Structure formats: structure tokens, C-alpha cells
Amino acid sequence: MFGPTLDRLAVPKFFYPFAGRLLPWLGWLAAGLLGLGAWWGLAVAPADYQQGDSYRIMFIHVPAAWLSMFTYMVMAGGAFVFLVWRMKLADMLAKCCAPLGASFTLLTLVTGSLWGKPMWGTWWAWDARLTSELVLLFLYLGLIALRGAIDEPQRAGRATALLALVGVVNIPIIHFSVEWWNTLHQPASLTRMDGPAIHPAMLTPLLLMIGGFMVYFVAVLLQRLRCEILEREQQARWLTELDAP
């Protein structure tokens, strides 16, 4: 379906040990990127001429915001593959993404609120960007609740996959909200046609933090997938043989 290698990795029996081999490398890489990015952002990057030191919260806020949307797209991709090809690992992927996405979205909202108070004079506003991000959090929580409410795994997978795909419409709304409407939130600073509007001294640690968040997400997702495989395949013969000395 996707080529011999990917088809093989789509089978829990082969994916489980493969993910286990990747995890230590991803863990060290994430720790290195996050440590370097945090040190650079907090100790080396200069203060902003308008926002002072309060802008440094963007080294957490921006990566979390990116991951809140990226995680949703990974989850929706898994949901689509599960609906079309009935691949159970894709359903596990979608299930494991939801709590991670909810965590990134909550972190985005909290750090955005902390940033907004000194910049805008308020903790919250029903601004298009903030509201669509809040809708994203409700989508994640709704998916988690829906899956928990259905006992039969296949039926739970199909129901949550459909809801996840419907919710994809919110992602471009979040991304383009600052262009489509007048909002308190500033326009995009990184994804601009004419290049990033951030000074290189601030851009470098921000990119390091984004990379660190991304690698951290992959590492945690793989670990959650391994736990999900153990739970669903606990009666499988291959798992018994894997544990055998």
C-alpha cells in the first residue's frame, strides 16, 4: 500500500521494536535542542525594544501553538488512513495524538494569556485567533470523551475518526485568522512570503525550541504508541515471544 518498508512498519509486531530503538536517540535529541534553545532564548537573546523581557514567553508559546495544529493534522491523517484502509496502528496513532494535542493547545492558551496581559491589558479576548484555538482544545477534549464513551474499539475508532476529519476545517481558520479578521493577535512573524520578521538573534533560539518541541512530540507519541500496542495486543503470540528469554 505505502511501499514494503512502510507496510511492514504499519504492523504492530514490527513497529513496536522499531519505535523502541528510536526512543533513546529522540529523547537525547529533544533534551539537547530544548536545553540549547532555552539557554539561548533566556540568556543570550537580547530584550525586545518594545516588549522588554516579556517577549521571551514566545519561546514556549510559539512552538506549543505550532504543535497544537501539527498534532491535529497527524491525528487527522491517522483517522483518514484508519477509515480508508482499516489500519489498526493508524487508529492507535489517532488515539495517542489527542491527549498530546490537548496538552499543547492548553499550553498555548495559558502562555498566550500570560503574554497578552502585559501586551494587550487583558488575560483573554474573544479574538478570532484565541477563540479558534479554544475551539481546538474543545475538539481534542471531545475526541477523548467520545472515545472513552464507546466500549467497542473499532466503533470508537470510526466515530472519533469522523469527528477528527470534520474538525480539520478549524486548522486553516486558526492559521489564517490573523489575515482574515482584525484581531488583537499580531500577524504571522515566521511564515511570511518575504521571510521571517524576527531578528536572527531571536529567531535562532525560537527555531531550536520549535525543533525541540517537534522531536519531543515524536518521542512521546512513539512511547504512547508502544503502550497502546501492549494494551491491545496483550494476547498476541508475537508479544509473548518477544518477552521470552
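Here are legends for a few close-up views of this predicted model.

**View 1. An edge-to-face pair, Phe80 with Trp85.**
The aromatic count for this model comes to nine pairs. In this one, the rings of phenylalanine 80 and tryptophan 85 meet edge-to-face, with 85° between their planes and 6.3 Å from centre to centre. Neither residue counts as buried: phenylalanine 80 is partly exposed at 44% relative accessible area, and tryptophan 85 is partly exposed at 41%.

**View 2. A tilted pair, Phe104 with Phe213.**
Here the two phenylalanine rings, 104 and 213, sit 6.2 Å apart centre to centre, and the 45° between their planes makes the pair tilted. Phenylalanine 104 belongs to helix α4 (residues 88–120) and phenylalanine 213 to helix α8 (residues 200–232), so this contact ties together parts that are 109 residues apart in sequence. Both phenylalanine 104 and phenylalanine 213 are buried. Step back a little and the pair turns out to be part of an aromatic cluster made up of Phe70, Phe104, Phe213 and Phe217.

**View 3. Arginines over aromatic rings.**
Two examples go in this view. Arginine 8 lies over the face of phenylalanine 14, 3.8 Å from the ring centre. Over at tyrosine 16, the partner is arginine 226, whose charged end sits over the ring at 4.1 Å from its centre.

**View 4. A nonpolar patch on the surface.**
Leu106, Val110, Leu114 and Trp123 together make a nonpolar surface patch of about 390 Å². One of them, leucine 106, is found in helix α4. With a relative accessible area of 46%, leucine 106 is partly exposed; patch members need over 30%, so leucine 106 clears that cut-off.

**View 5. Cys96 and Cys97, with no disulfide.**
If you're wondering about disulfides, the count here is zero. Cysteine 96 is in none, and its nearest cysteine sulfur, on cysteine 97, is 7.3 Å away. Seen from the other side, cysteine 97 is in no disulfide either, with the sulfur of cysteine 96 as its nearest at 7.3 Å. A disulfide needs the two sulfurs within 2.5 Å, so a 7.3 Å gap rules this pair out. Both residues are tucked away from the surface: cysteine 96 is buried, with 2% relative accessible area, and cysteine 97 is buried too, at 0%.

Conventions
Residues numbered from 1 in each chain as written. Predicted model: local features only at pLDDT ≥ 70, side-chain atom pairs only at ≥ 80, totals over all residues. Heavy atoms only, no water. Phe/Tyr/Trp six-rings, centres within 6.5 Å; stacked < 30°, edge-to-face > 60°. Buried < 20%, exposed > 50% of the residue type's maximum accessible area, 1.4 Å probe, protein only. Helix = DSSP H or I, 4+ residues; strand = E, 2+ residues; numbered from the N terminus. Lys NZ or Arg CZ within 6 Å of the ring centre and 35° of its normal. Patch = residues over 30% accessible without salt bridge, like charges linked within 9 Å, V, L, I, M, F, W, Y side chains within 5 Å. Areas by Shrake-Rupley, 256 points an atom, 1.4 Å probe, with all protein chains shown as cover. Salt bridge = Lys/Arg side-chain N within 4 Å of Asp/Glu carboxyl O.
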